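Good morning, and thank you for making time for this item. I would ask everyone to look at the display before I begin my remarks.

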Amino acid sequence: MQRIVLTITLILFSALSVKALWQVGYLGLFSQQFANSGTQQVLTDLIIAVCICMYRMWHDANATGRNVWPWLALSMVAGSFGPLLYMLTAKRKAAV
């Protein structure tokens, strides 16, 4: 069930991201983030959230023996795509 939710989230978020990139381009995604203190707060909040995800990915990768660097790099340039794909590509635990 978790993989289904992650997959649906990734598909819908990808569609929204493609639409936004088509309309304003990569740099355009950030240009309005500095328009006022409200948009700066939202950008800062998102950066903090992605950093927390990256921290958790680092610890999970160390515990499971995964290479975390591709996921961290993806998170730095594409935000939530890094953690979403990291979770989707995790090996399933055997049912007990």
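**Overall organisation of the chain**

Among contacts in the chain between residues at least 6 apart in sequence, 49% join residues at least 24 apart. Please bear in mind throughout that this is a predicted model.

The secondary structure consists of four helices and zero strands, and from the N terminus on the order is α-α-α-α. Along its principal axes, the C-alpha trace spans about 50 × 25 × 20 Å. The chain has 96 residues, of which 20% count as buried. About 7,300 Å² is exposed, and carbon and sulfur atoms supply 70% of that area.

Let me turn to the interior. Which residues make up the largest nonpolar core? There are eight: V50, M54, M57, A61, V68, W71, L72 and Y86. Helix 2, residues 37–64, and helix 3, residues 69–78, each supply at least two residues of this core. The largest share, four residues, comes from helix 2. As an example of how these residues meet, L72 touches M54, M57 and W58, leaving out residues up to four places away in sequence. A second, separate core has five residues, among them L6, L10, F81 and L84.

I should like to dwell on one polar residue, S75, which is found in helix 3. Is S75 buried or exposed? Its relative accessible area is 3%, and because buried means under 20%, S75 counts as buried. The side chain of S75 reaches the backbone oxygen of W71 at 2.8 Å, and W71 is itself a member of the largest nonpolar core. Leaving aside neighbours within four places in sequence, S75 is in contact with V50, M54, M57, G82 and P83. Of these partners, V50, M54 and M57 are listed in the largest core, while G82 and P83 are among the buried residues of helix 4.

That brings me to helix 4, residues 81–88. Why may helix 4 be described as largely enclosed by the rest of the structure? Six of its eight residues are buried, so the description follows. The buried residues are F81, G82, P83, L84, Y86 and L88. What covers them includes helix 1, helix 2 and helix 3. Helix 4 residues also appear in both cores: Y86 in the largest, and F81 and L84 in the second.

The two ends of the sequence offer a further point. V5 has its place in helix 1 and, with a relative accessible area of 45%, is partly exposed. V5 and L88 are 83 residues apart along the chain, and their C-alpha atoms are separated by 9.9 Å.

Finally, the surface. A nonpolar patch is formed by L21, V24, Y26, L27, L29, F30, F34, M76 and V77, with about 910 Å² of accessible area together. Helix 1, residues 2–31, and helix 3 are the elements that give two or more residues to this patch. Which element gives the most? Helix 1 does, with six residues. One of the patch residues is F30, which lies in helix 1 and counts as partly exposed at 35% relative accessibility.

To summarise, helix 3 supplies residues both to the largest nonpolar core and to the nonpolar patch on the surface, whereas helix 4 is largely enclosed by the rest of the structure. Thank you for your attention.

Notes
Residues are numbered from 1 along each chain as its sequence is written. This is a predicted model: local features need pLDDT of at least 70, side-chain atom pairs count only at pLDDT 80 or more; totals for chains, interfaces and linings use all residues. Side-chain values use heavy atoms; hydrogens and water are left out. A nonpolar core is a set of buried Ala, Val, Leu, Ile, Met, Phe, Trp, Tyr and Cys residues joined through side-chain atoms within 4.5 Å. Buried means under 20% relative accessible area, exposed over 50%, partly exposed in between (1.4 Å probe, protein chains only). Contact means heavy atoms within 4.5 Å. A polar contact is a pair of N or O atoms within 3.5 Å; within protein, one must be able to donate a hydrogen and the other to accept it, and residues adjacent in sequence count only if both atoms are side-chain atoms. Patches are made of residues with over 30% relative accessible area and no salt bridge: like charges are joined within 9 Å, nonpolar side chains (Val, Leu, Ile, Met, Phe, Trp, Tyr) within 5 Å. Accessible areas come from the Shrake-Rupley method with a 1.4 Å probe; for residues, only the protein chains shown count as cover. A salt bridge is a side-chain nitrogen of Lys or Arg within 4 Å of a carboxyl oxygen of Asp or Glu.
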